[in-house]
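Please look through the sequence and the coordinates below before reading on. The paragraphs that follow go from the single chain to the pair of chains.

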Protein chains: 2
Amino acid sequence: MSKEIVFITSNENKFREAENLINPLGFKLIQKNPGYPEIQTSSLEEVVRYGIKYLKDRLDIFFMEDSGLFIKSLNNFPGVYSKYVFTTIGNEGILKLMEKTENRNAVFRTVIGFYDGKAKIFKGECEGKIANETKGDHGFGYDPIFIPYGSEKTFGEMKTEEKNQYSHRGKALKSFIQYLKQR
Amino acid sequence: MSKEIVFITSNENKFREAENLINPLGFKLIQKNPGYPEIQTSSLEEVVRYGIKYLKDRLDIFFMEDSGLFIKSLNNFPGVYSKYVFTTIGNEGILKLMEKTENRNAVFRTVIGFYDGKAKIFKGECEGKIANETKGDHGFGYDPIFIPYGSEKTFGEMKTEEKNQYSHRGKALKSFIQYLKQR
């Protein structure tokens, strides 16, 4: 019987990306969404640590993650508030803010927090550029406007497996998996 | 001796606006900034209620407030995240997002939470429009781009006393003061 791991998320896309990497290793990923307060801070790690603190008395073994897109010329906006910004001004808003902006550098960041009696943090980053227009319909969120270094395509033009090779979440998940295997 | 009231805020401008209304009534406003987690939500009231819950075991009598600018054509962006958005993309970013946008309606909202053994909420709203350019150097934050209904001037062009007549925070403070007087 494969070992179960609970992934705290309401996001089906994130769950699928994690399944794609974790299930082949003999684990069984379970999605749960108990809800937890996400605090306002400029640090993904703080959000995750606060979430763990909130849930650790209710669940035995679980992990959660928080991700954000940090755009250099916009002082790291939308950052920790990427989800909210996406649901309000969306990719259209970001492209408008970036009009006539030469420096299009951006970083996608993920922080994973795993709890099994003590908290452990894993991070992943993906540097890249903001595209001039949306491209592709894979993925979710800012994927159609983000081109990772080393590729000509946006995340929106990649299937899960290809995206995971480059992506912030893919990298964070890989170091998490490394840890799980040795645990 | 005048009665002391603690206002939890790190914002000198907000403190001054409150002083302007509260001190003449025989209260003495004290500023404290113990810090509390602001949660990510789309509701100012939730932020304030969470803050009260966090601080109520540490302080006896206090109030705090949260305010935001809700722009209709931007799906209420920047809303609860007004402070963060201001410090990253600023008024320049908002004006860029609003370029060529005809519907410039917006609402400033304040929620005050008062605690003296039980929590009590007071609200204030100010409807208006987003200006086409920044104007004035009074106030703070989005004041130079917000024109309240009934005026031709932005909040940035008004002194504290005039702003308090129109403003969301002024209105919330007035109903809070009404309550304090009858308490």
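Helices are DSSP runs of H or I with at least four residues, strands are runs of E with at least two, and both are numbered from the N terminus. In those terms, Lys100(A) falls in the loop between H4 and strand S5 (105-115) of chain A. The model is a predicted one, and the values discussed here are computed from it.

The fold of one chain comes first. Chain A contains six helices and seven strands. Along the sequence, these elements appear in the order β-α-β-α-β-β-α-α-β-β-β-α-α. The C-alpha atoms of the chain occupy a box of roughly 55 × 35 × 25 Å along the principal axes. How does the radius of gyration of chain A agree with that of a compact globule? For 183 residues the globule rule gives a value near 16 Å, and chain A has 16 Å, so the two agree. Of the 183 residues in chain A, 40% are buried. Among contacts with a sequence separation of 6 or more in chain A, 58% join residues 24 or more positions apart.

The next topic is the interior. The largest nonpolar core has 90 residues, and the members that touch the most others are Phe63(A), Phe146(A), Phe63(B) and Phe146(B). Which residues does Phe146(A) touch, leaving aside those up to four places away in sequence? The list consists of Leu69(A), Ala106(A), Phe108(A), Gly128(A), Ile130(A), Thr154(A) and Phe155(A).

Some backbone details deserve a separate look. Most residues other than glycine have a negative phi, and most peptide bonds are trans. The bond from Phe77(A) to Pro78(A) is cis, with omega near -5°, and Pro78(A) sits in strand S4 (residues 78-79) of chain A. In chain B, the bond from Phe77(B) to Pro78(B) is likewise cis, with omega near -5°, and Pro78(B) belongs to strand S4 (residues 78-79) of that chain.

Lys100(A), the loop residue named at the start, has a positive phi, near 60°, although it is not glycine. Is Lys100(A) buried or exposed? Lys100(A) is exposed, because 5 other C-beta atoms lie within 10 Å and a residue counts as exposed at 12 or fewer. Its counterpart Lys100(B) also has a phi near 60° and lies in the loop between helix H4 (90-97) and strand S5 (105-115) of chain B. Lys100(B) has 5 C-beta neighbours inside 10 Å and therefore counts as exposed.

The remaining topic is how the chains meet. Chain A and chain B each give 16 residues to the contact. On the side of chain A that touches chain B, the elements giving two or more residues are helix H3 (82-88) and helix H4 (90-97) of chain A. H4(A) provides the largest share of that side, three residues. Sorted by class, the side of chain A consists of nine nonpolar, five polar and two charged residues.

Two copies of a chain are related by a rotation about an axis and a shift along it. Here, chain A is superposed on chain B by a rotation of 180° with 0.0 Å of shift along the axis, at an RMSD of 0.0 Å. The two copies are therefore related as by a two-fold rotation axis. In chain A, the C-alpha nearest this axis belongs to Ile39(A), at 2.0 Å. Both copies use the same surface, since 100% of the contact residues of chain A recur in chain B.

Conventions:
Residues are numbered from 1 along each chain as its sequence is written. Chains are lettered from A and ligands numbered from 1 in the order in which they are written. This is a predicted model: local features need pLDDT of at least 70, side-chain atom pairs count only at pLDDT 80 or more; totals for chains, interfaces and linings use all residues. A nonpolar core is a set of buried Ala, Val, Leu, Ile, Met, Phe, Trp, Tyr and Cys residues joined through C-beta atoms within 7 Å. A residue is buried if 20 or more other C-beta atoms lie within 10 Å of its own, exposed if 12 or fewer, and partly exposed in between; C-beta atoms are placed from the backbone. Two residues are in contact if their C-beta atoms, placed from the backbone, lie within 7 Å. Ala, Val, Leu, Ile, Met, Phe, Trp, Tyr, Cys and Pro count as nonpolar, Asp, Glu, Lys and Arg as charged, and the others, Gly among them, as polar. The radius of gyration is taken over C-alpha atoms; the globule rule is 2.2 Å times the number of residues to the power 0.38. Copies are superposed by least squares on the C-alpha atoms of residues with pLDDT of at least 70 in both.
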